[in-house]
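Here is a briefing on one protein chain, arranged by topic. Please keep the sequence and the structure in view while reading.

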Amino acid sequence: MYVFLQCVYAGPSDLSKLGSQNTSLAFGVVPGRAMKWIVGRQHQLDFFAGLVPDETLRNAISRSHVEFLSQEGREGLHLLRLTQNAILVNGVQTPHQELMH
């Protein structure tokens with residue numbers, strides 16, 4: 001099973017010209033097994049360089065921006081905001097360094 005993260009906005013970049021293979025990240029998930037994925041410009045260099053070619057703008061994305069976790073024996077993913085920058089989930093700002101379920 002995979003979890004896909006889709007970029008829907010990247011400043012002045014026209015995402016429709018990039019195609020979904022260049023605007024999405026896929027992470028393999030094994031249900032019930034503890035796993036961790038960190039998303040940020042340090043971890044997906046080429047992905048973020050393709051989305052935001054301007055390095056000055058790209059530096060607004062933290063090196064380690066957000067972490068996704070799955071817990072052993074439990075369904076679902078948890079989000080941990082690592083950055084000081086805002087992250088919205090369904091229009092609501094996530095708390096910094098607090099695990100969201």
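The points below cover the sheet, the nonpolar core, the largest pocket and a few single residues. The model is predicted. Its open sheet has four strands, its largest nonpolar core has 17 residues, and its largest pocket has a volume of about 810 Å³.

**Sheet**

- The four strands of the open sheet run in the order 3-4-5-8, and their pairing is antiparallel.
- Strand 3 (35-39) and strand 8 (99-100) form the edges, each pairing on one side only.
- Two bridges join strand 5 (residues 78-81) to strand 8 in the antiparallel sense.
- Leu-79 has Met-100, in strand 8, as its bridge partner.
- In general, the strands of a sheet pair through backbone hydrogen bonds, either parallel or antiparallel.

**Nonpolar core**

- Of the 17 residues in the largest nonpolar core, those with the most contacts inside it are Ala-10, Val-39, Phe-48, Leu-51, Val-66 and Phe-68.
- Strand 2 (24-28), strand 3, helix 1 and strand 4 are the elements that give two or more residues to this core.
- Helix 1 supplies the largest share of the core, three residues.
- Ala-10 is in contact with Leu-15, Leu-51 and Val-52, leaving aside residues up to four places away in sequence.
- Nonpolar side chains tend to be buried together in soluble globular proteins.

**Largest pocket**

- The lining of the largest pocket comprises 27 residues, and those nearest its centre are Cys-7, Tyr-9, Phe-48, Ile-61 and His-65.
- Two or more lining residues come from each of strand 1 (2-6), helix 1 (45-51), helix 2, strand 4 and strand 6 (88-89).
- Helix 1 gives the most to this lining, with three residues.
- By class, the lining has 22 nonpolar, four polar and one charged residues.
- Phe-48 is listed both among the residues nearest the pocket centre and among those with the most contacts inside the largest nonpolar core.

**Ser-62 and Thr-83**

- Ser-62 sits in the loop between helix 2 (55-58) and strand 4 (66-70).
- Ser-62 counts as buried because its relative accessibility is 18%, and the cut-off for buried is under 20%.
- Beyond its neighbours within four places in sequence, Ser-62 contacts Gly-40, Arg-41, Thr-83 and Asn-85.
- Thr-83 lies in the loop between strand 5 and strand 6.
- Thr-83 has a relative accessibility of 2%, so this residue counts as buried.
- Not counting residues up to four places away in sequence, Thr-83 touches Ser-62, Ser-64, His-65 and His-96.
- Among these contacts of Thr-83 is His-65, and His-65 is also one of the residues nearest the centre of the largest pocket.
- Thr-83 and Cys-7 are 76 residues apart along the chain, and their C-alpha atoms are separated by 17 Å.

**Ala-26**

- Ala-26 belongs to strand 2.
- With a relative accessible area of 45%, Ala-26 is partly exposed.
- Ala-26 touches Tyr-2, Val-3 and Phe-4, with residues up to four places away in sequence not counted.
- The C-alpha atoms of Ala-26 and Thr-56 are separated by 26 Å, and the two residues are 30 residues apart along the chain.

Definitions and conventions: Residues are numbered from 1 along each chain as its sequence is written. This is a predicted model: local features need pLDDT of at least 70, side-chain atom pairs count only at pLDDT 80 or more; totals for chains, interfaces and linings use all residues. Side-chain values use heavy atoms; hydrogens and water are left out. Buried means under 20% relative accessible area, exposed over 50%, partly exposed in between (1.4 Å probe, protein chains only). Contact means heavy atoms within 4.5 Å. On a 1 Å grid over the protein atoms alone, a cavity is a set of points where a 1.4 Å probe fits but cannot get out, and a pocket is an open set with protein on both sides within 12 Å along at least five of seven lines; lining residues have an atom within 4 Å of a point. Grid points are joined across faces, edges and corners, and a volume is the space filled by probe spheres set on the points. Ala, Val, Leu, Ile, Met, Phe, Trp, Tyr, Cys and Pro count as nonpolar, Asp, Glu, Lys and Arg as charged, and the others, Gly among them, as polar. Two strands pair if DSSP finds at least two bridges between them. A nonpolar core is a set of buried Ala, Val, Leu, Ile, Met, Phe, Trp, Tyr and Cys residues joined through side-chain atoms within 4.5 Å.
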